[in-house]
Amino acid sequence: MNNWYKNLKTAPWNPPPYVFGIVWPILYIFLIISVLLVLFDKQCFPYCSPITYFILQMILNLSWTTIFFRYQQILLGLITIILMLGLAIITMIQFYPINHLAAYLFVPYIAWLGVALSLNLYIFLYN
C-alpha cells in the first residue's frame with residue numbers, strides 16, 4: 001500500500017488490506033474456470049463473441065490498479081470500474097446461453113466489483 005493511498009479518506013466499510021489478497025485470487029480462479037467452460041464448449045468453437053467482452057473487461061480489470069495507485073487518477077479509476085462492471089454483466093449474460101455455470105461464476109466477481117465501485121466512489125467524493 002503506498003503512502004498516497006494511506007492518506008486518503010476511505011470508506012468505513014473498506015476491508016482490511018489482507019482481504020483483497022484472499023478475495024482476488026479466488027475471483028480470478030472463478031473467472032478462469034468460467035472462460036474455459038465457454039471456450040471449450042462446442043457452441044463457441046472456433047470463435048465466440050462473448051470472449052471479446054471477457055477480454056475487454058479483463059483489460060480494464062488489470063488496468064485499474066495502475067490507473068488508481070500508480071497514476072493516482074481517482075476519477076479515471078471510477079470510470080474504469082463502471083465500464084468493467086458493465087462489461088462483466090454483459091459477459092455474464094452472454095455466457096449464460098453457452099454454459100450456465102460459467103455465467104454463475106461471474107456473480108461473486110460482479111458483487112465484488114460493486115464493492116470496489118462503492119469504495120472508489122467514496123474516495124472520489126471525499127478526497
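## Reading a helical chain, pocket first

Author: Let's start with the pocket, and keep in mind that this is a predicted model. The largest pocket has 23 lining residues, and those nearest its centre are Phe-20, Trp-24, Trp-64, Thr-65 and Phe-69.

Reader: Which elements give two or more residues to that lining?

Author: Helix 2 (17-39), helix 3 (49-70), helix 4 (74-95) and helix 6 (106-126) each do. The space in this largest pocket comes to about 510 Å³.

Reader: And what does the lining look like by class: how many nonpolar, polar and charged residues?

Author: Sorted that way, you get 18 nonpolar residues, five polar ones and no charged ones.

Reader: Let me step back to the whole fold. How many helices and strands are in the protein chain?

Author: Six helices and zero strands. Going along the sequence, the pattern reads α-α-α-α-α-α. The C-alpha trace spans about 50 × 25 × 20 Å along its principal axes, and 41% of the 127 residues count as buried.

Reader: How do I read the contacts in the chain by separation in sequence?

Author: Take the contacts with a separation of 6 or more, then ask what part comes from residues 24 or more positions apart. Here that part is 75%.

Reader: Next, disulfides. What is the general idea, and which cysteines form one here?

Author: In general, a disulfide is a covalent bond between the sulfur atoms of two cysteines. This structure holds one, formed by Cys-44 and Cys-48 with their sulfur atoms 2.3 Å apart.

Reader: Why is the disulfide of Cys-44 and Cys-48 called left-handed or right-handed?

Author: Look at the torsion about the S-S bond: for Cys-44 and Cys-48 the torsion is about -125°, so the disulfide is left-handed.

Reader: Are Cys-44 and Cys-48 buried or exposed?

Author: Both Cys-44 and Cys-48 are buried.

Reader: Okay, aromatic rings. How many aromatic pairs does the count come to?

Author: A pair of aromatic rings is described by two things, the distance of the centres and the angle of the planes. The count here is 16 aromatic pairs. One of them joins Tyr-96 and Tyr-104, with centres 5.9 Å apart and 75° between the planes, an edge-to-face arrangement. Tyr-96 has 36% relative accessibility, so Tyr-96 counts as partly exposed.

Reader: Which residues form an aromatic cluster?

Author: Trp-24, Tyr-28, Phe-54, Phe-95, Phe-106 and Tyr-109 form one. You've met Trp-24 already, among the residues nearest the centre of the largest pocket.

Reader: Phe-54 and Phe-106 are in that cluster. What does Thr-91 touch, leaving out residues up to four places away in sequence?

Author: Thr-91 touches Pro-50, Tyr-53, Phe-54, Gln-57 and Phe-106. Thr-91 is found in helix 4, and at 0% relative accessibility Thr-91 counts as buried.

Reader: Is Gly-86 buried or partly exposed?

Author: Gly-86 also has its place in helix 4, but its relative accessible area is 29%, so Gly-86 is partly exposed. From Gly-86 to Ser-49 the C-alpha distance is 16 Å, with their positions 37 residues apart in sequence.

Reader: Now backbone angles. What is the phi of Gln-72?

Author: The general idea is that most residues other than glycine have a negative phi. Gln-72 is not a glycine, yet its phi is positive, about 55°. You'll find Gln-72 in the loop between helix 3 and helix 4, partly exposed with a relative accessible area of 37%.

Reader: Last stop, the chain ends. Where is Asn-2, and how far apart in space are Asn-2 and Tyr-96?

Author: Asn-2 lies in the segment before helix 1 (3-6) and is partly exposed at 28% relative accessibility. Asn-2 and Tyr-96 are 94 residues apart in sequence, and their C-alpha atoms are 39 Å apart in space.

Reader: And which residues is Asn-127 in contact with, leaving aside neighbours within four places in sequence?

Author: Leu-8 and Lys-9. Asn-127 sits in the segment after helix 6, and its 43% relative accessibility puts Asn-127 in the partly exposed class. Asn-127 and Ile-74 are 53 residues apart along the chain, with their C-alpha atoms separated by 9.1 Å.

Key
Residues are numbered from 1 along each chain as its sequence is written. This is a predicted model: local features need pLDDT of at least 70, side-chain atom pairs count only at pLDDT 80 or more; totals for chains, interfaces and linings use all residues. Side-chain values use heavy atoms; hydrogens and water are left out. A disulfide is a pair of cysteine sulfur atoms within 2.5 Å. Buried means under 20% relative accessible area, exposed over 50%, partly exposed in between (1.4 Å probe, protein chains only). On a 1 Å grid over the protein atoms alone, a cavity is a set of points where a 1.4 Å probe fits but cannot get out, and a pocket is an open set with protein on both sides within 12 Å along at least five of seven lines; lining residues have an atom within 4 Å of a point. Grid points are joined across faces, edges and corners, and a volume is the space filled by probe spheres set on the points. Helices (H or I, at least four residues) and strands (E, at least two) are DSSP runs, numbered from the N terminus. Ala, Val, Leu, Ile, Met, Phe, Trp, Tyr, Cys and Pro count as nonpolar, Asp, Glu, Lys and Arg as charged, and the others, Gly among them, as polar. Rings of Phe, Tyr and Trp (its six-membered ring) pair if their centres lie within 6.5 Å; planes under 30 degrees apart count as stacked, over 60 as edge-to-face and the rest as tilted. Contact means heavy atoms within 4.5 Å.
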